[in-house]
Amino acid sequence: MPTTQPGDAAGRSRRLDEAAAHFRAGRVDAAAQIYRSVEREAPEDVRAAYSLAVIDIGKGRLARARQRLEAVVAREPGLVAAQHNLGAVCQQLGAWSEAAHAYSRATALRPEATDTRAALAVALAILGRPEEAIAQHRVLARDPGQRWAALTRIALLDAGAIDESELAWMRQAAADEDMEAGTRTGLLFGLGDVLEARGLHDEAFRAYAEGNRLKRAGLAGASQPGAVADANEAAARYVRDLFSPMFLARLGGRASGSSAPIFVVGMPRSGSTLIEQILSSHPDVQGLGETGVLPELLAAGYPDTAAGFRDLGARYLTAMRRRGWDGASRFVDKTLENYLHVGAIHLMFPRALILHSDRDAMDVCFACYRQLFVSGNETLYDLADIAAEYRRYRRLMDHWRVVLPARVVDVAYDDLVADPERKILALVTESAGLDWDPACLRFFEQAAAVRTSSATQVRRPIYRSSVQRWRRHAEDLQPLVAALGDLASPPS
């Protein structure tokens with residue numbers, strides 16, 4: 001390796017070129033060694049630090065990458081790639097305010113960078129700044145290549161923000177069967193929301209139905225709805241068989257004494273984000289969202305000893321610290337699929353609160369039908385599939401009521417919106433055992449990031465327009481009524 005003096009700029013450039021060649025050839029460690037050497041010799045030269053940050057990102061060392069990138073942009077604020085990557089790293093770390101700030105700086109430096117502007121719009125929406133997010137999407141919509149995705153995102157943020165000319169464009173584009181399937185699918189779901197907001201319920205349902213048909217048709221391999229449904233049924237049956245009263249009694253009583261976790265379980269679109277927002281508005285509670293931690297820890301199976309569940313609880317709390325838990329507050333984990341793991345939660349944390357987000361069967365199933373999920377939920381794009389998934393979930397919740405009576409606290413969405421002051425008070429003080437704080441009534445003012453599809457709704461005071469919403473489409477939803485059977489809503 002050639003040697004250079006600290007002030008030898010030409011020599012440094014040659015070494016940086018050599019490191020870049022190693023990196024392109026996949027010799028990342030060799031490249032990093034040179035970059036570190038250059039960084040030591042010439043800390044003012046941000047090229048080495050930036051390249052090391054890129055390597056850190058590739059190796060998943062996001063906290064270290066963030067530190068390097070922050071140092072780079074402090075020295076060279078005009079380095080647009082560093083600003084964008086800082087935004088991306090902060091986003092992955094859940095630091096959404098910092099992500100939005102970095103993306104904003106990158107967008108100002110390179111306004112034509114559509115990927116950066118789109119990322120900025122996402123961050124703004126998650127931070128509860130929908131008007132600013134919509135403004136960014138409107139800029140993107142000027143580009144024909146970005147128009148349909150941008151209009152779709154505007155519609156999903158605020159269906160009323162779409163004007164008549166934009167609605168005409170969306171109608172025309174959604175009817176184009178030659179459009180790329182993913183783009184057309186998103187457009188149809190967005191169009192459904194816009195039409196429903198205008199009271200055009202029949203046309204809205206047709207848009208949702210076509211969007212669901214397209215989405216379901218595009219699911220392949222392990223994501224095929226039938227395969228996923230079979231796997232879900234097998235998992236639910238295994239859990240019901242394993243977590244018997246005898247199993248729970250044999251392994252219970254010797255686990256963590258922590259009461260920090262508050263688990264919210266249930267179906268998607270059941271009001272779980274509202275519950276989390278209410279509780280995390282309390283100064284002693286952190287909202288950590290849909291962490292996915294417990295399903296990941298249980299991917300290898302359930303322990304078969306009390307010590308195994310105690311160790312699982314310790315690993316869970318360690319993982320939550322990595323996701324932002326301060327170690328002192330209580331926290332909300334609203335990974336909805338944890339309804340499968342209520343028995344495991346009980347054995348890990350006998351003192352933890354488990355809340356069941358419970359909503360009218362027809363309303364929650366129709367809300368799922370109206371939702372294009374970011375990932376997963378492959379069984380929620382067909383009315384019969386949704387009903388089968390709902391029935392499977394209900395059977396498991398019934399099982400927990402039998403083997404763990406009174407262990408799970410139901411929080412009924414309809415009751416919450418019908419009498420918010422009284423029900424929020426009960427949720428906070430009786431269910432969660434917290435001292436009352438009036439901030440919980442003003443949950444919609446909370447500044448924390450909300451990553452779920454309900455991000456816009458929970459920024460507003462509680463409203464009743466979603467209660468019995470399915471009845472606007474009662475005729476079209478008769479197949480769902482039939483599939484749900486005795487679980488469907490009673491007649492009006």
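Which elements each supply at least two residues of the lining of the second largest pocket? In this predicted model, they are strand β5, helix α21 (413–418) and helix α22 (420–431).

**Figure 1. Close-up of the second largest pocket, which has a volume of about 150 Å³.** The residues that line this pocket are Asp410, Val411, Ala412, Asp415, Leu416, Lys423, Ala426, Leu427 and Ser431. Helix α22 provides the largest share of the lining, namely four residues. When the lining residues are sorted by class, five are nonpolar, one is polar and three are charged.

**Figure 2. Close-up of strand β4, residues 353–358, and the strands that pair with it.** Strand β4 is mostly covered, since six of its six residues are buried. In a regular strand, side chains alternate between the two faces of the sheet. Here Leu353, Leu355 and Ser357 point one way from β4, while Ile354, His356 and Asp358 point the other way, and all of them are buried. Strand β1, residues 261–266, runs parallel to β4 and is joined to it by five bridges, with Gly266 standing opposite Ser357 of β4. Strand β5, residues 408–412, also pairs with β4 in the parallel sense, over five bridges, and in this pairing Asp358 stands opposite Ala412 of β5.

**Figure 3. Close-up of the nonpolar cores, beginning with the largest, which has 114 residues.** The residues with the most contacts inside this core are Phe243, Phe309, Tyr316, Trp400 and Leu484. Helix α20, residues 383–403, gives the most to the core, contributing nine residues. If its neighbours within four places in sequence are left aside, Leu484 is in contact with Ala361, Met362, Cys365, Ala387, Tyr390 and Arg391. A second core, separate from this one, has 23 residues, and among them are Ile262, Leu353, Leu355 and Val428.

**Figure 4. Close-up of Asp45, a residue in the loop between helices α2 (28–41) and α3 (46–58).** Is Asp45 buried or exposed? Asp45 counts as buried because its relative accessibility is 11%, and the cut-off for a buried residue is under 20%. Leaving aside its neighbours within four places in sequence, Asp45 is in contact with Arg12 and Leu16. Asp45 and Arg75 are 30 residues apart along the chain, and their C-alpha atoms are separated by 9.2 Å.

Technical notes: Residues numbered from 1 in each chain as written. Predicted model: local features only at pLDDT ≥ 70, side-chain atom pairs only at ≥ 80, totals over all residues. Heavy atoms only, no water. Buried < 20%, exposed > 50% of the residue type's maximum accessible area, 1.4 Å probe, protein only. Pairing = 2+ DSSP bridges. 1 Å grid on protein atoms, 1.4 Å probe; cavity = no way out; pocket = protein on both sides within 12 Å on 5 of 7 lines; lining within 4 Å. Points joined across faces, edges and corners; volume = space filled by probe spheres on them. Nonpolar A, V, L, I, M, F, W, Y, C, P; charged D, E, K, R; others polar. Core = buried A, V, L, I, M, F, W, Y, C linked by side-chain atoms within 4.5 Å. Contact = heavy atoms within 4.5 Å.
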